[in-house]
Amino acid sequence: MVEDPLATADCLQITREVGFDHLLQGGKPYTTSCPLPFQADSVKTARDVTRSTLRGWGLHDLSDDAALVVSELVTNAVRYAMYAGGRREIQLLLMRVAPHVLLAVADPSDEVPRRKEPDFISENGRGLYIVETYSQCWGWDPLARGGKAVWALFHAGS
């Protein structure tokens with residue numbers, strides 16, 4: 001549910017004007033960027049970085065939902081980046097643009113993420129459904145260097 005569509009649009013517009021490629025370089029106020037190796041235990045690292053960053057920003061209540069979503073995004077990145085030639089690095093970005101927090105995971109794959117209808121019997125295929133359920137909205141943007149950034153936006157209060 002979008003609580004303030006204009007604030008959401010402003011947050012996404014700011015992000016796109018600056019560009020994910022630039023934001024992923026890190027060093028910006030109220031941003032955390034973390035390179036992750038192309039391996040399964042990067043999911044735990046991403047959850048830990050997400051929780052500690054959000055707690056550092058005083059957003060304790062958001063940390064569990066955001067950690068769940070980032071787990072799904074990093075899992076997808078690890079799974080699909082293996083089909084991308086060359087680079088094998090994944091990057092996590094957290095950005096605070098009040099009243100929102102934007103989580104993004106960049107990977108070298110150009111494959112467009114597609115949400116599947118959830119099959120609750122299957123062991124996989126529910127990741128983007130979970131992302132959609134727990135975040136305010138989600139999407140993806142292509143990166144100038146190739147690959148994409150899949151993002152999820154959370155309303156974090158004032």
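A residue is called buried when its relative accessible area is under 20%, and exposed when that area is over 50%. With that cut-off, buried residues make up 47% of the 158 residues in this protein chain. One thing to keep in mind from the start: this is a predicted model.

Let me begin with the outline. The chain has 5 helices and 5 strands. Read from the N terminus, their order is α-α-β-α-α-β-β-α-β-β. Take the contacts in the chain with a separation of 6 or more: 67% of them are between residues 24 or more positions apart. As for the surface, the chain exposes about 8200 Å², and 52% of that comes from carbon and sulfur atoms.

Now the inside. The largest nonpolar core has 27 residues, and the members that touch the most others are L62, L73, V74, L92, L103 and V105. Which elements give two or more residues to this core? They are strands 1, 2, 3 and 5, together with helices 3, 4 and 5. Helix 4 supplies the largest share, 7 residues.

Take L92 as an example. Setting aside residues up to four places away in sequence, L92 touches T32, S33, C34, L36, A46, V49, T50, V70, A104 and V105. There is also a second, separate core of 7 residues, with L93, L102, A104 and L153 among them.

Next, helix 5, which covers residues 127–134. Its buried residues are G127, L128, I130 and V131. They sit on the same side of helix 5, because they cover an arc of only 155° around the axis. It helps to recall that an α-helix has 3.6 residues a turn, so residues three or four places apart point the same way. And what covers the buried residues of helix 5? The cover includes helix 4, strand 4 and strand 5.

Just past that helix is S135, in the loop between helix 5 and strand 4. Is S135 buried or exposed? Its relative accessibility is 7%, so S135 counts as buried. A polar atom of its side chain lies 2.6 Å from the backbone oxygen of V131. The S135 side chain also reaches the backbone oxygen of C137, at 3.3 Å. Leaving out neighbours within four places in sequence, S135 is in contact with A152, L153 and F154. L153 has come up already, as a member of the second core.

Now the charged pairs. Side chains of opposite charge can pair when their charged atoms come close. How many salt bridges does a search of the whole structure find? It finds 3, and I will go through them in turn.

The pair D48 and K44 has its closest N and O atoms 2.6 Å apart. These two are 4 residues apart in helix 3, so about one helical turn separates them. D48 counts as partly exposed, at 35% relative accessibility, and K44 does too, at 47%.

Another salt bridge joins R51 and D64, with the closest N and O atoms 3.4 Å apart. R51 lies in helix 3 and D64 in helix 4, so this pair ties together parts that are 13 residues apart in sequence. R51 is partly exposed, with a relative accessible area of 25%, and D64 is partly exposed at 48%.

The remaining pair is D107 with K148, where the closest N and O atoms are 3.0 Å apart. D107 is in strand 3 and K148 in strand 5, so the pair ties together parts that are 41 residues apart in sequence. Where do these two stand on the scale of burial? D107 is buried, with a relative accessible area of 4%. K148 counts as buried as well, at 5%.

K148 leads to my last residue, P142, which has its place in strand 4. P142 touches G147 and K148, not counting residues up to four places away in sequence. At 57% relative accessibility, P142 counts as exposed. The C-alpha atoms of P142 and S109 are 9.7 Å apart, while the two residues are 33 residues apart along the chain.

To recap, the largest nonpolar core has 27 residues, helix 5 keeps its buried residues on the same side, and the search finds 3 salt bridges. That is what I have.

Key:
Residues numbered from 1 in each chain as written. Predicted model: local features only at pLDDT ≥ 70, side-chain atom pairs only at ≥ 80, totals over all residues. Heavy atoms only, no water. Buried < 20%, exposed > 50% of the residue type's maximum accessible area, 1.4 Å probe, protein only. Arc of directions from axis to C-beta. Contact = heavy atoms within 4.5 Å. Polar contact = N/O pair within 3.5 Å; in protein donor to acceptor, adjacent residues only side chain to side chain. Areas by Shrake-Rupley, 256 points an atom, 1.4 Å probe, with all protein chains shown as cover. Salt bridge = Lys/Arg side-chain N within 4 Å of Asp/Glu carboxyl O. Core = buried A, V, L, I, M, F, W, Y, C linked by side-chain atoms within 4.5 Å.
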